[in-house]
Amino acid sequence: MAEEDPKPLNYIPEVILKKRKSREAWALRKKEQFQHKSFQSIKKPEDFIHEYRNQEVDLLRMKRRVKRKVPHANSNVLIIIRIQGKKDMHPRTRKVLYSLGLRSMFSAVFVKPSEGIMAKLQRVEPFVTYGYPNLKNIKELIYKKGLARMDGRKVPLTDNNIIDQELGKFGVVCLEDMVHQIYNAGPHFKEVVKFMWPFVLNKPAEGLKGSKTLYKEGGDTGNREDLINELIDKMN
């Protein structure tokens with residue numbers, strides 16, 4: 001019986017082999033990342049106890065702070081920067097931070113320093129730093145990192161027509177008008193601030209130690225007054 005001729009092997013282009021190998025390597029990395037994340041996310045009972053105790057300590061310290069005299073600000077406008085995450089944070093502290101618009105680390109907002117605002121800052125003092133922004137930094141923040149609220153979307157402030165459309169009825173028609181309202185705590189300060197999303201600043205290479213001690217005592221938090229501008233320069 002005659003032997004059958006061997007069939008030629010199917011040729012697979014090299015580029016397809018490389019893609020297949022790349023996909024397999026990617027799938028293995030994803031699997032390892034998932035397994036590692038799953039392992040990390042499992043908390044032991046003692047972890048929950050430790051976290052609860054730290055949150056209670058945060059609440060106790062907040063209650064002590066609110067008994068002190070509400071601090072006074074020597075400026076018509078403040079910038080507040082959140083510099084701590086949610087670790088050891090009591091839900092009441094988080095609620096106050098959220099009411100200020102500070103939902104994430106290194107977010108920043110402009111506010112008028114009313115008695116109510118200063119009382120809130122006193123409550124969340126270990127998680128924020130604040131001070132008196134100068135004209136240069138107000139202008140640079142708005143120009144470089146300003147985002148408008150447009151139907152729940154974040155829209156870069158690159159077109160004065162957007163500003164005119166939303167704030168024109170208040171006589172604010174361009175970026176310079178917005179800067180003027182913020183720096184001078186003008187009559188339409190509230191409308192301008194509400195029009196913008198909180199700023200998202202960069203993590204500074206230096207200038208923060210991770211300390212919840214007051215800045216005036218060698219730490220990071222609390223009122224830096226005019227020296228806040230040095231920190232903004234490093235984060236903008």
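The following dialogue examines aromatic, charged and buried residues in a predicted model.

Visitor: What should be known about the model beforehand?
Guide: Residues are numbered from 1 along each chain as its sequence is written, and side-chain values use heavy atoms, without hydrogens and water. In this predicted model, local features need pLDDT of at least 70 and side-chain atom pairs count only at pLDDT 80 or more, while totals for chains, interfaces and linings use all residues.

Visitor: How many aromatic pairs does the structure hold?
Guide: The structure holds one aromatic pair.

Visitor: Why are Phe110 and Phe199 called a pair, and is that pair stacked, tilted or edge-to-face?
Guide: Rings of Phe, Tyr and Trp (its six-membered ring) pair if their centres lie within 6.5 Å; planes under 30 degrees apart count as stacked, over 60 as edge-to-face and the rest as tilted. The centres of Phe110 and Phe199 are 5.4 Å apart with planes at 80°, so the pair is edge-to-face.

Visitor: What makes Phe110, Phe199 and Met62 buried?
Guide: Buried means under 20% relative accessible area (1.4 Å probe, protein chains only), with exposed over 50% and partly exposed in between. Phe110 has 3%, Phe199 has 2% and Met62 has 2%, so each counts as buried.

Visitor: How do you know that the charged end of Arg103 sits over the ring of Tyr98?
Guide: The definition requires NZ of Lys or CZ of Arg within 6 Å of the ring centre and within 35 degrees of the ring normal. The charged end of Arg103 is 4.1 Å from the ring centre of Tyr98, so the distance condition is met.
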